[in-house]
Structure formats: structure tokens, C-alpha cells
Amino acid sequence: MRIALLIVIVLAAALGIGLTLAPGIVERGMNRVVPHAPWAVSEAARTLHDTLRIADWHSDSLLWDRDLLVAGSRGHVDVPRLEHGRVTLQVFTAVTKSPAGQNYERNSADSDNITLLTVVQQWPVRTWKSLTERALHQAERLHDFAARAPDRLVVVTDRASLARALAARSDGAGPVIGVLGIEGMHALDGELANLDRLWAAGYRIFGLTHFFDNALGGSLHGTSGAGLTDFGRAVVTEIERRGGIVDLAHASPQVVEDLLAMSSRPPIISHTGLAGACATPRNIPDALMQQVAAKGGLIGIGYWDAAVCDISPAGVARSIAYGIDLLGADALSLGSDYDGATEVAFDTSELAGLTQALLDAGVDASSIRGIMGENTLAFLLAQLP
């Protein structure tokens with residue numbers, strides 16, 4: 001009997017250790033920064049960088065089992081690294097479902113990697129089967145971080161709270177501003193009424209699809225290539241009625257066209273590349289990007305290989321420079337896809353290296369200011385409720 005009890009205790013301890021260590025092991029393999037020497041930053045680039053208000057449309061950091069108030073040894077984003085990179089505003093995006101074998105060409109909605117992650121990370125049982133609850137849990141995490149350190153992180157939900165938060169910052173110091181977004185409105189669990197719950201939790205940026213087709217329409221990486229469904233149109237209408245922002249990242253070309261035809265407000269593409277600079281299945285045609293820009297939308301340029309083909313600061317800067325020629329500097333912004341199972345060449349603490357690369361690419365200081373953050377801040381001050 002004692003031997004049996006001892007075996008049970010040992011197995012339980014092993015399971016507990018495994019559950020404690022597994023999330024870190026998984027993330028270290030998925031959110032990598034390639035080893036590199038420190039990126040050279042000139043005095044001129046540093047001086048410019050230290051005066052920028054930087055904003056990033058997309059980070060999936062809330063998905064992972066880390067305290068974002070503590071400087072991490074894995075992943076790409078936490079508050080200390082945002083402070084070091086002099087980031088003013090970070091959009092934190094909730095991922096609620098991801099297909100097995102995820103790829104950029106074709107995925108079905110029949111499987112889900114996030115379910116296992118919720119169990120391994122010991123999320124509340126309510127999140128194990130409900131995508132809405134997963135989104136709500138991630139919002140709760142961000143609000144908890146802000147409540148624990150209000151002098152370092154503040155979450156905003158409207159123009160007035162954003163304006164106050166910006167006014168509270170001085171010389172690049174003050175709380176990092178957080179905004180909540182969702183990566184795929186399958187987070188509604190098929191019920192439009194769940195938008196009330198997501199809105200109340202603070203979500204203001206709404207991606208329509210992710211890596212698979214859902215009830216709203218086709219994904220860029222799905223099986224149908226479909227446009228917006230009737231349900232999708234109803235969701236978009238309700239988001240816009242509330243003053244929310246529609247995100248077309250991962251949307252099929254037909255969804256992009258349908259949204260532009262029906263929308264009364266400018267959308268964003270939060271994290272992407274430009275096909276003319278990097279021809280991969282992740283990037284929609286340049287002509288559609290031009291239509292988004294013509295609608296007043298913003299395009300966030302990412303830092304990973306499928307977006308820019310060359311993940312060095314110089315490679316990201318080349319895609320941005322291409323975008324300036326294609327769309328104009330006022331249509332461009334940053335959309336890192338940090339902590340989104342991506343491999344990058346610099347984390348958020350190293351953004352001065354991107355400022356240097358943009359200067360090296362011949363981008364003028366005014367355009368750099370806009371692309372690194374002012375375009376995003378102006379868009380949010382105009383479009384948030």
C-alpha cells in the first residue's frame with residue numbers, strides 16, 4: 001500500500017513539474033529571436049529613436065504563460081522590453097484557435113492546437129471548450145497586469161482614455177499603453193450576442209479570420225476562398241456601429257473586397273507583408289493593399305520571414321521602403337506579429353535597430369515618425385469610440 005501511494009505521489013509530482021515546464025519549452029521553440037550580435041545604432045539614429053512614439057498593431061503575448069511585468073528570457077514582448085524599446089502603444093491580440101499542421105496554403109477548421117495549450121498552461125476549465133472564454137481569459141490577464149502596475153501599463157478602450165494616456169507620458173516615459181484585439185471572430189462561438197461580452201472585456205480591434213475559414217467568411221489560408229457570409233456581414237455591421245476597428249489580416253482576398261465594398265469605416269491589416277517585396281502565400285496582392293490604403297486604412301508591416309522574406313532590420317526596412325513607393329508613408333505602420341509563433345531577428349527592446357535600418361534605406365525622419373507610430377496613434381484617436 002505504501003509503495004502504491006509512493007508511486008502515485010511520484011507520478012503526481014512528475015506531472016506537476018511537466019505542466020510547469022512544458023509551456024516554457026513550447027514557447028522557446030516557437031517564439032525565437034535568432035542569435036545575433038547587437039544591431040549597430042548610430043548616434044543620429046539613437047537620437048531620432050529616442051524621440052519617437054512607437055506603436056505596434058499585433059502581439060500574441062497574452063497566449064503564453066509569462067508574467068508580462070517581468071523581463072523574460074523567452075519570447076519577444078514584455079513590459080520591461082517595451083519600455084527599453086521606447087514603445088508607446090502595444091496592441092495585445094488574443095488567439096483562440098489554431099489548426100494542427102498550420103500552414104499558409106490550406107487549413108481546415110477540424111483541429112485545434114490551442115485546446116492542449118489551455119490545459120497544459122492550466123487555464124480555467126471554462127476556457128477548454130469555449131473560444132469566447134479563451135478571449136475573455138486573455139483580456140483578464142492584460143487587465144490584471146495593468147492593475148498590478150498602473151504606473152507601467154494602462155489599457156485603453158476609447159479616444160478619451162487614449163488621449164489621457166498619451167498626455168501622461170513625458171519624454172518617452174510613463175505607462176505603456178495597451179489595446180486589446182482579437183485574431184479571428186470564431187471567438188464569438190457562433191453567437192453575435194457574445195460580442196457584448198468581448199466588448200465589455202475591452203476588445204476594440206477585431207480580426208475576422210485567422211488560419212482557417214470560419215462562420216464569418218474565408219481565410220487567406222483556408223479551403224474555400226469565400227467572401228463574407230451573411231453572419232460575417234452582420235458582425236461587421238455591429239462592430240462598426242459600436243466604433244470598433246476591423247482587422248483584415250489573414251482574410252481571403254474576397255473577404256477583403258467584400259469588406260471594402262460594405263464598410264463605412266477604414267480597416268487595418270494589422271500584420272502582413274507586401275507581395276511585390278516578398279511574394280509568399282501570406283501576402284495578398286498589392287492591388288488589394290492599394291484599395292485598403294485608398295479607404296483610409298493602415299497596413300502593419302511584420303518582421304517574420306513569410307511577411308518580409310528577410311527578417312533582418314535591413315530586410316524589414318526594404319519592405320517598408322517598397323510600401324512607401326506603393327502606398328505612401330501615411331498608409332504604413334508596424335505589425336510585428338511578436339509572440340505569434342514567429343522567428344524574428346530583433347525583439348521589441350531592439351527597435352532602435354529598425355530605426356537605423358530605415359535611415360540607411362533613405363527613409364526621411366518625418367516618414368519614420370509616422371510609420372513607427374504616429375500613423376497608428378492618429379488612426380486610433382480618430383477611429384476608437
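Okay, let's jump in at a helix pair: helix H12 passes helix H13 in a right-handed crossing. Keep in mind throughout that this is a predicted model.

H12 is residues 313–327 and H13 is residues 352–360; their axes come within 8 Å and cross at roughly 55°. That angle is why we call H12 oblique to H13. Who is doing the touching? On the H12 side you've got Pro313, Ala314, Val316, Ala317 and Ile320, and on the H13 side Gly353, Leu354, Ala357 and Leu358. If you sort the residues of that contact by class, you get 8 nonpolar, 1 polar and no charged.

Now hold that up against another pair, H8 and H9. The H8–H9 crossing is right-handed too. Here the angle is about 45° and the axes sit 11 Å apart, so H8 is oblique to H9. From H8, the residues in play are Arg233, Val236 and Thr237, and they meet Asp258, Leu259 and Met262 of H9. What's the class breakdown for this one? The contact of H8 with H9 has 3 nonpolar, 1 polar and 2 charged residues.

Let's stay on H9 for a second, residues 253–262. Its buried residues are Val255, Val256, Asp258, Leu259 and Leu260. So there's an aspartate in that buried list, Asp258, and Asp258 is also one of the H9 residues meeting H8. What covers the buried part of H9? The cover includes helix H8, at 230–242, strand S7, at 245–247, and helix H10, at 286–294.

Just ahead of H9 there's a backbone oddity. In general, most residues other than glycine have a negative phi. His250, in the loop between S7 and H9, isn't a glycine, yet its phi is positive, about 75°. Is His250 buried or exposed? Its relative accessibility is 5%, so it counts as buried.

There's another one of these in the loop between S5 and H7, and that's Asp189. Asp189 has a positive phi of about 55°, again without being a glycine. Asp189 comes in at 34% relative accessibility, which means it counts as partly exposed.

While we're in that loop, have a look at His186. It sits there as well, between strand S5 (176–183) and helix H7 (194–200). With 9% relative accessibility, it counts as buried because the cut-off is under 20%. What does His186 touch, once you skip anything up to four places away in sequence? That would be Thr96, Lys97, Leu131, His210, Phe212 and Asn214.

Last stop, the nonpolar cores. The largest one has 82 residues, and the members touching the most other members are Met185, Tyr203, Leu248 and Tyr303. Which element gives the most to this core? Helix H5, residues 131–148, with 6 residues.

Tyr303 is worth clicking on. Leaving aside neighbours within four places in sequence, Tyr303 contacts Val308, Ile311, Val316, Leu334, Ser336, Tyr338, Glu343, Val344, Phe346, Leu351 and Leu354. Two of those names should ring a bell: Val316 and Leu354 are in that Tyr303 list, and they also take part in the H12–H13 contact we opened with.

And finally, apart from the largest core lies another, of 18 residues, with Ala55, Val156, Leu380 and Leu384 among them. Okay, that's my tour.

Note on methods:
Residues numbered from 1 in each chain as written. Predicted model: local features only at pLDDT ≥ 70, side-chain atom pairs only at ≥ 80, totals over all residues. Heavy atoms only, no water. Helix = DSSP H or I, 4+ residues; strand = E, 2+ residues; numbered from the N terminus. Buried < 20%, exposed > 50% of the residue type's maximum accessible area, 1.4 Å probe, protein only. Contact = heavy atoms within 4.5 Å. Axes fitted to C-alpha atoms, helices over the stretch in contact; angles between N-to-C directions. Parallel < 35°, antiparallel > 145°, perpendicular 65-115°, else oblique. Left-handed = near helix turned anticlockwise from the far one by under 90°. Nonpolar A, V, L, I, M, F, W, Y, C, P; charged D, E, K, R; others polar. Core = buried A, V, L, I, M, F, W, Y, C linked by side-chain atoms within 4.5 Å.
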